[in-house]
Amino acid sequence: MPSPFAPTALIGEFFAGEGVNAAHTNVVIGRKGGPVETAWATALATPSAGHVPFLTIVRPSVPVKPLTLFVTKAAAEGELHSRATWGSAQAGLAQGVTDAVKDGLLPAEEADDLLIIAAIWVNPAVDDLDVSFRNQRTAAYQAVRAAVNATPTVADVLAAAEEGPANPFYTATSEVLTR
């Protein structure tokens, strides 16, 4: 009998898009009955001010499978940011996870036994819900792909570090990198 998919936690990350509509997604994938379920239930049961984890849905009363917990990285600020967080980013996450199941990255036959925790960044300055959706869909799918494929590899990380750390908010200069 083959071993089950994700017997331990799988972790993935992806950044999609640019500017205020970019999406940054971190995922943890694991099985019910394991440590991911404990973390999933604990996060759902212990919201904090501005950060209320919620079940990701495809449509009202139709949660995505595997059950996916949406954890906000930024408290909702204003109407458009709220609509992006609760609307377009959630819909993008749901579609990205569903795409991963349709494409076989996540086995459909085990979807009821798996759980996903997704930490989602939506910029408070977001200004386009459709771009937000597309970027989140891509980020969710690619974060799942990274988790399933255990990428990047250590070699990939070391190669990227040779160029120096960079992200949308900061890029280290060669002067700073000098030891």
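In this predicted model, Phe-169, Tyr-170 and Val-176 come together as a nonpolar patch on the surface, and their combined accessible area is about 360 Å². Two members of the patch can be described individually. Phe-169 has a relative accessible area of 63% and is therefore exposed. Val-176, which sits in helix 5 (residues 174–177), is likewise classed as exposed, because its relative accessible area is 52% and the cut-off for that class is over 50%.

Phe-169 also takes part in an aromatic pair. Its ring and that of Trp-121 have centres 6.5 Å apart and planes at 90°, so the arrangement is edge-to-face. Trp-121 belongs to strand 7 (residues 114–122), whereas Phe-169 lies in the loop between strand 8 (166–167) and strand 9 (170–171); the contact therefore ties together parts of the chain that are 48 residues apart in sequence. For Trp-121, a relative accessibility of 22% gives the label partly exposed, while its partner Phe-169, at 63%, is exposed.

A search of the whole structure returns three aromatic pairs. Another of these joins Phe-54 and Phe-70, whose rings are stacked, with 4.6 Å from centre to centre and 20° between the planes. This pair, too, links distant parts of the chain: Phe-54 is in strand 3 (residues 54–55) and Phe-70 is in strand 6 (residues 67–72), 16 residues apart. Phe-54 has a relative accessibility of 11% and so counts as buried. Phe-70 is buried as well, with a relative accessible area of 0%. Ring pairs extend this contact into a cluster made up of Phe-54, Phe-70 and Trp-86.

The strands that carry several of these rings can be placed in a sheet. Five strands make up an open sheet of mixed pairing, in the order 1-2-7-6-3. Strand 1 (10–16) and strand 3 are the edge strands, each pairing on one side only. Within the sheet, strand 6 and strand 7 run parallel and are joined by six bridges. Across this pairing, Leu-69 stands opposite Ile-117 of strand 7.

Turning to annotation, the unreviewed UniProt entry places the feature "domain: Formaldehyde-activating enzyme" at residues 11–163. Over those residues the model is 44% helix and 24% strand, and the C-alpha atoms at the two ends are 24 Å apart.

How values were computed: Residues are numbered from 1 along each chain as its sequence is written. This is a predicted model: local features need pLDDT of at least 70, side-chain atom pairs count only at pLDDT 80 or more; totals for chains, interfaces and linings use all residues. Side-chain values use heavy atoms; hydrogens and water are left out. Rings of Phe, Tyr and Trp (its six-membered ring) pair if their centres lie within 6.5 Å; planes under 30 degrees apart count as stacked, over 60 as edge-to-face and the rest as tilted. Helices (H or I, at least four residues) and strands (E, at least two) are DSSP runs, numbered from the N terminus. Buried means under 20% relative accessible area, exposed over 50%, partly exposed in between (1.4 Å probe, protein chains only). UniProt positions are given in the numbering used here, feature names are shortened, and annotations may be inferred rather than shown by experiment. Patches are made of residues with over 30% relative accessible area and no salt bridge: like charges are joined within 9 Å, nonpolar side chains (Val, Leu, Ile, Met, Phe, Trp, Tyr) within 5 Å. Accessible areas come from the Shrake-Rupley method with a 1.4 Å probe; for residues, only the protein chains shown count as cover. A salt bridge is a side-chain nitrogen of Lys or Arg within 4 Å of a carboxyl oxygen of Asp or Glu. Two strands pair if DSSP finds at least two bridges between them.
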